[in-house]
Amino acid sequence: MKLKDFLQDIALGDLQGSTVVEMGGYQITQKHIPVVIQALNQALDYLYSIFPIKDSQVTIQLRNGINRYYLDSHYSVSGHHPQPYIMDTEFEPFQDDVLAIQEVFDDKGQRIPLNDDYSPYGVTTPEYNCIQTSDGTHYSRYLTVMYRAKHPRIPLNEPLDSKLTIQLPTSYNGALQAYVASLVHQSMGGNEAQVGNFYYGKFRTLIEDLKAQGVGYKTTTGVNIKPILGGWL
């Protein structure tokens, strides 16, 4: 769905009659576009956290003297760190989009035990975007980390006619609109907060319906073989 279509749909739907929609019109007022987009970013973060909508992966080069590796672009090749361990490129930079680390593989494609207290060769996740290696993992020069990713941040200054795409299956559109409407109304305070609570209740109902129907989307991914093809290994 295009952002411009979402903004028009919600103006004619769950935000119709509110102060963020021009009186007698069908568009979000210019001054309220950042407010709606901010709520949209929050709603997308939440939906991506409770549904397996997007998986991604990143390759880490293990370095002597380091046993904690943060999935942060500060430590990436594209971020021009003096000793990078995130092996991205300028054309495909790491996006700082980690929600939760799911699996880790070595450079031979073997799954490494994750958060297994009984494995001497495993890795742990002391923080949501960090893996900690043990001495036993240093036989591998590279690790591939699979993680649940979040939606790219939508700039607050996107115009109403933006061609930017919201990366979400259409089955979630109703829930997305309801959650955005709840956040926008609640931000206004006063009586509008009660309206926001109504839309939050609508959102929860739609979410439960989606779960009951088994609706979900999970991208198919595998172990990244680009390092091998590129001659890194």
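Helices here are DSSP runs of H or I with at least four residues, strands are E runs of at least two, and both kinds are numbered from the N terminus. Keep in mind throughout that this is a predicted model.

**View A. The whole chain, with 5 helices and 6 strands.** A quick orientation before the close-ups: in sequence order, the elements run α-α-β-β-β-β-β-β-α-α-α. The C-alpha trace extends over about 65 × 35 × 30 Å along its principal axes. The protein has 233 residues, and 40% of them count as buried. If you take the contacts between residues at least 6 apart in sequence, 67% join residues at least 24 apart.

**View B. L15 in the loop between helix 1 and helix 2.** Is this loop residue buried or exposed? With a relative accessible area of 0%, L15 is buried, the cut-off being under 20%. Which residues surround L15, once neighbours within four places in sequence are set aside? L15 is in contact with I10, V20, V21, I28, V36, A181, V184 and H185. One of these partners, V36, is 21 residues from L15 in sequence, and their C-alpha atoms are 9.8 Å apart in space.

**View C. H32, in the loop between helix 1 and helix 2.** The relative accessibility of H32 is 16%, so H32 counts as buried. Apart from residues up to four places away in sequence, H32 touches T19 and V20. V20 also appears in the previous view, as a contact of L15.

**View D. The largest nonpolar core, with 36 residues.** Which residues have the most contacts inside this core? They are L15, I28, L40, I166, L168, L176 and V180. Helix 1 (3-12), helix 2, helix 3 and helix 4 (191-212) are the elements that give two or more residues to the core. Helix 2 contributes the most, with 9 residues. To follow one core residue outward, pick L176: beyond its neighbours within four places in sequence, L176 contacts F6, L40, A43, L44, L47, I166 and L168. There is also a second, separate core, this one of 18 residues, with L62, Y69, Y85 and I112 among its members.

**View E. Helix 2 (residues 33-50) crossing helix 3 (residues 173-188).** Their axes come within 9 Å and cross at roughly 130°. Because of that angle, helix 2 is oblique to helix 3. The crossing of the two helices is right-handed. On the helix 2 side, the contact is formed by V35, V36, A39, L40, Q42, A43, L44, Y46 and L47. Helix 3 brings L176, Y179, V180, L183, V184 and S187 to the contact. What is the make-up of this contact by class? It has 13 nonpolar residues, 2 polar and no charged. For a link back to View D, look for L40, L176 and V180, which are among the core residues with the most contacts.

**View F. Helix 2 packing with helix 4 at an angle of about 30°.** The axes of this pair are 13 Å apart. Angles under 35 degrees count as roughly parallel, and helix 2 and helix 4 therefore fall in that class. The crossing of helix 2 with helix 4 is right-handed. Helix 2 supplies Y46, L47 and I50 to the contact, while helix 4 supplies F203, R204 and I207. By class, this contact holds 5 nonpolar residues, no polar ones and 1 charged. Y46 and L47 will look familiar, since both also take part in the contact of helix 2 with helix 3.

**View G. D96, a residue other than glycine with a positive phi.** Most residues other than glycine have a negative phi. The phi of D96 is near 55°. Where is D96 found? D96 sits in the loop between strand 2 (68-70) and strand 3 (98-105). Its relative accessible area is 33%, which means that D96 is partly exposed.

**View H. N115, also with a positive phi although it is not a glycine.** For N115, phi is about 55°. N115 belongs to the loop between strand 3 and strand 4 (123-127). Its relative accessibility is 41%, so N115 counts as partly exposed.

Definitions and conventions. Residues are numbered from 1 along each chain as its sequence is written. This is a predicted model: local features need pLDDT of at least 70, side-chain atom pairs count only at pLDDT 80 or more; totals for chains, interfaces and linings use all residues. Side-chain values use heavy atoms; hydrogens and water are left out. Axes are lines fitted to C-alpha atoms, for helices over the stretch in contact, and angles run from 0 to 180 degrees between N-to-C directions. Angles under 35 degrees count as roughly parallel, over 145 as roughly antiparallel, 65 to 115 as roughly perpendicular and the rest as oblique. A crossing is left-handed if the near helix is turned anticlockwise from the far one by less than a right angle, and right-handed if clockwise. Contact means heavy atoms within 4.5 Å. Ala, Val, Leu, Ile, Met, Phe, Trp, Tyr, Cys and Pro count as nonpolar, Asp, Glu, Lys and Arg as charged, and the others, Gly among them, as polar. A nonpolar core is a set of buried Ala, Val, Leu, Ile, Met, Phe, Trp, Tyr and Cys residues joined through side-chain atoms within 4.5 Å. Buried means under 20% relative accessible area, exposed over 50%, partly exposed in between (1.4 Å probe, protein chains only).
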